[in-house]
Structure formats: structure tokens, C-alpha cells
Amino acid sequence: MVGVTAGTASAAPRDTAPPPLSQVVPAPAAVHESGGSYTIGGYTVIRVPEGSPEAVRVGRYLAGLLRPSTGYALPVRPLTAGDEGGIVLALSGHGTALGDEGYRLDVTNHGVAITAKQPSGLFHGVQTLRQLLPAAVEERTRQPGPWTVSGGTVTDTPRYSYRGAMLDVSRHFFTVAQVERYVDQLALYKINYLHLHLSDDQGWRIAISSWPRLAAYGGSTEVGGGPGGYYTKAQYEQIVHYAASRYLTVVPEIDMPAHTNAALASYAPLNCNGAAPPLYTGTNVGFSSLCVQKAVTYRFIDDVLRELAALTPGPYLHIGGDEAHSTSAADYTAFMDRVQPIVAKYRKTVLAWHEIANAHPIAGAVAQYWGTAGTEQSVVAAAKAGTRLVMSPANHTYLDMKYNPSTKLGLSWAGYTEVKDAYSWDPATFLRGAPASAVLGVEAPLWSETISTNDHIGYMAFPRLPAIAELGWSPAALHDWDAFKVRLAAQGPRWDALGIDYYRSPQVPWP
Ligand code: TNX
């Protein structure tokens, strides 16, 4: 190679000015630039409130992010009265207006202070600070710097309390390490729920002690006939724990009564005709159904949901309910009338795809809307009657839709979805006639019929996942494609540094 060697490249300091404090995705609620700046250096100390082990963990996490690329020691030390300078993480009851997830970031010539009511707010503030540092901060080897942040104040709280991403680990299985990698990517955009689609026709992915063949046999393949896989209980708990360390709550989904071939293949008695079908490795939907009339069906569901609830600290159990094309409408309603109380019995909240609105959603239930038109009257009626909504319109949020006709991965049944399409809708008004107050938030599902590697995940999720994250976090008044695309463009070098194989959409002015 001629010209720049690694040595001279790493010796040359960057000469670019630090970005404005507003150059963050999702857009912060309020930004006040004050001039000045702070440069993290070999002298910088991270101060944390001693009394909060969780806040201490956030401080250590920040140090872990910054140390490899900066090469600085960045010791994490207790915050004592009168401390100023360096990086300070502080918990303050005065910040009550910041709510559970909000934070304030103050940058002066002396240091950076992140203040929040809860550790989750500190964590989100850390993600903002991270994005305000040069993209090279994401490298895991020492980089030149300087590590300068613009002066001013960011005051930030989320628009919605539910900001989710779903990974379909059923059509193709993803290992614990792959899920954790995605969790890290989601955390950067303040996503706070990880929905795992744990069962479908092609695979059952969670060990259930009372029905061991579900995972052992039902998990033994995937789309295309690969070896599949499943999570042991310990592995599932590891994912739950890792997600929690990034302030994401796991929402496990057992899809039923349809999308159940893997279970039906594992246990013959679950079939109305008593005969187990073969395992399925294709990509059709709507052909399978649990046997609604049989008592064993509900013993099975009780066992599965009891074991899953015991492993899941989060409030939701997702019971699927989509595309039950082989279940009559009457059977579907009868089935949901019996299954929802089982979720409640195990002290969890029902989350289900929006077809639940065709049955009788129980009090407190949440429907995940995946339609493309925004006109489903049953869902509007349910929302008016108190069912809350997570918005996942397929033509905007489905990360498995192709960007354009030449996208190699993905499907196109909901249309091609460029990043501008992903961004250009409003969760509060998309389902026409539903009260805006029913909307709990948004979710971006990644179905995996065609997705099987980290690079596939990266290519389909980026840059669209950050678009959905911004709709979930940022105030509606800041919704602006022309401003978003510029902030999004600045994320590209960060994804390069993180090894994310993103789609270089021609709609975005990448640097
Ligand atoms: C529809 S949308 C499905 C999934 C498929 C997906 C592919 C919904 C709740 N169900 O079974 O994987 O389309 O895009």
C-alpha cells in the first residue's frame, strides 16, 4: 500500500470541530448550545453516586465503551460533594420532570454531567454522550482523538414508554451472542423492549421442562433445513440479564393458535387428528393450528406460559394470535377467551398481534398493530374500549421488507420500504379513529425467513431501525425527514466502526 501507513494515520489528530449537541439519533427533546467544549483526556475521571449500584454499573459501562478507543484509564470513582469536572453521573430527585427514562446532559469547559432520576436515564444519557464523540470511539483499538464534546445542555425524555424491536429467532435461529450483539445496537438508539419471536411453524426455541420435545425436536431445524437450535433456560435468562444491563426488557412470544407446526410436530396429542405432522422448513404461513377443542391444548399452554413467566421479569407475555387462517373465527375467539386468563394468572400482561381485537381482548391487553392501511375497525373499536396499541405497521416498521426491487434479502408483500418510508408516518394518527392516548409506542419487527447472519441483521435494520427509534423517542414536533437524514448520515461512520453491514441508502447524505 502506498501513502498513508497505519502509523501516520493514528498519529494525525482529527481537525474537525465537534458536532452540535443536536446531532443525535433519536433527536433529543431540547438542546441548548452554549459554546465552549470539553475534551476527555488522560486526566478524566468518571464519578458515580456510591449509593446506587446500578448507577455505578452505568459508569463502568461508559468506561468500558471509552477505554479501548481513547486508551485512557478513565477510573470510575465515587462522587463526593464538591466534585466537579470530568464525567459525572448523578441521580437527582429534582429531575422528576425527567421521568423514569429522561436525563439531562450538561457540557461545560470543565466536564460532562449526566443527571437523571433513574439509572435508566443515566444509561440513555450515556448513549447521547457516546454519539456526540467521534465515530472512532466505537473502535476497539486505540484511536487518535481528540475526544471533544460541544458545550451546552440536552434535556431529553421519551415520547413513548414502549420502543421495541423484534427478532424472529424461529424462522432462523440466532445464538445468544448474536442476540446480545443486536441488543447492543438497539441500546444505542434508546430502544427499551426486545421482543423475541420464540416459536413458529419452523422452530420452537425455548426449553420447556414439562414438554421437552418442543425444543429438542421442535427446535431441531429452521427455514431451509439448517440445524436450528434453542435456548436452554439458563441461556434465555442470560439474554434477559444482558438486555436488562442495556435497559431493555425482554418480551417473549409464543405464537398461537397458528404458527404452531413445530409444537404440533413435537407432540401428536396437540393435533385434532392425533397425528403429528412433519417438521416444516418452508416459508408459508397460516396452515397450522393448535386444536381448540382439546383440553390438552390448555394444559400445554398453561405449562408453557407458567415456565416462561417464571423466567421473564418483564410485564408482558406475547401470545401471537396472527394469521390464524386455519382456525375458524369462532374457534379463534374461544381460544383467546381461554388463553388470556392464563397469562393473567401468571401475573403477566397480554400482548398479542392485532387480530386479538377480533376476539375479546381482556382488560389491560396490548395489541400490536401490523396492518398497512390504518383502517381496521375492530382494532379501532378495541382501542376506544381501552386496549392499548404498539404500532408496527408493516409498510413502515417491518425490517424484513426489501428496500427496493434489487435488495437481495427480505420480502416485499408490504411493499418496498426505503428509510424515508420507515420514517414518514406518525404512530399517534396512523390507525385512523383510534385515540392517540391508546398508543403505548412503536416496534420494528425483523422476521427472519431470509435473514440468518449478523450481516443480514445489520443490513436490514440499519438505517431503518434508527428511524423507528426516533418516532418512538423524539417529540412529534421534531419529526422532520430533512433534519433526520443529516443526523442519520452522521451515524454511518459509527456503524462502520462497529462492523455493522448497513444499507447505504441513496436517500441519505452519507459523509
Ligand atoms: C407476517 S405480520 C407475519 C409473519 C411473517 C411476516 C413476514 C405477522 C404478525 N406475521 O409470520 O414472518 O409477515 O414479513
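Reader: Where in the structure is A55 found?
Author: Happy to start there, keeping in mind that this is a predicted model. The element that holds A55 spans residues 53-70. That element is helix α2.

Reader: Is A55 buried or exposed?
Author: The cut-off for a buried residue is 20 or more other C-beta atoms within 10 Å of its own. A55 has 23 C-beta neighbours inside 10 Å, so this residue counts as buried.

Reader: Which residues is A55 in contact with, leaving aside its neighbours within four places in sequence?
Author: One part of the chain to look at is S120, which is 65 residues away from A55 along the chain, with 8.5 Å between their C-alpha atoms. As for the contacts themselves, they are V48, P49, L89, L91, P119 and L122.

Reader: What domains does the protein chain have?
Author: The domain assignment gives two stretches to one of them, 162-476 and 493-498, and this is domain 2. Residues 20-156 make up domain 1. The C-alpha centres of the pair lie 34 Å apart. In short, the names are domain 1 and domain 2.

Reader: How many residues does the contact take from domain 1 and from domain 2?
Author: On the side of domain 1 that touches domain 2, the classes are 7 nonpolar, 3 polar and 2 charged residues. For the contact, domain 1 gives 12 residues and domain 2 gives 15 residues.

Reader: Which residues of the largest nonpolar core touch the most other members?
Author: This core holds 155 residues. At least three of its residues come from each of domain 1 and domain 2. One of the residues asked about, L194, touches A165, V183, L186, A243, L248, V250 and V251, not counting residues up to four places away in sequence. The full set is I114, L194, A367 and L389.

Reader: Which residues are around the ligand, and how do they divide by class?
Author: The shell is made of V285, D322, E323, W353, W370, A394, Y398, D400, L411, W447 and E449. Sorted by class, these residues come to 7 nonpolar, no polar and 4 charged.

Reader: Where does UniProt place the feature "domain: Glycoside hydrolase family 20 catalytic"?
Author: The record, an unreviewed entry, gives the feature in two spans. In the model, residues 160-326 are 31% helix and 17% strand, with end C-alpha atoms 35 Å apart. Residues 334-475 are 33% helix and 15% strand, and their end C-alpha atoms lie 40 Å apart. UniProt's placement is therefore residues 160-326 and 334-475.

Reader: Why is helix α13 largely enclosed by the rest of the structure, and which elements do its buried residues pack against?
Author: Helix α13 covers residues 454-461, and it is largely enclosed because 6 of its 8 residues are buried. Those buried residues are H456, I457, G458, Y459, M460 and A461. They pack against α4, β17 and α14.

Reader: Which residue in the loop between α2 and β3 has a positive phi although it is not a glycine?
Author: The residue lies in the loop that leads to β3 (76-78). Its phi is about 45 degrees. With 23 other C-beta atoms within 10 Å, this residue is buried. The name is L74.

Reader: Which peptide bond is cis, with omega near -5 degrees?
Author: Look in the loop between α1 (6-11) and β1 (30-40), where P26 is found. The bond runs from V25 to P26.

Conventions:
Residues numbered from 1 in each chain as written. Predicted model: local features only at pLDDT ≥ 70, side-chain atom pairs only at ≥ 80, totals over all residues. Near = placed C-beta within 6 Å. Nonpolar A, V, L, I, M, F, W, Y, C, P; charged D, E, K, R; others polar. Core = buried A, V, L, I, M, F, W, Y, C linked by C-beta atoms within 7 Å. Buried ≥ 20, exposed ≤ 12 C-beta atoms within 10 Å, placed from the backbone. Domains from an automatic or database assignment. Contact = placed C-beta atoms within 7 Å. Helix = DSSP H or I, 4+ residues; strand = E, 2+ residues; numbered from the N terminus.
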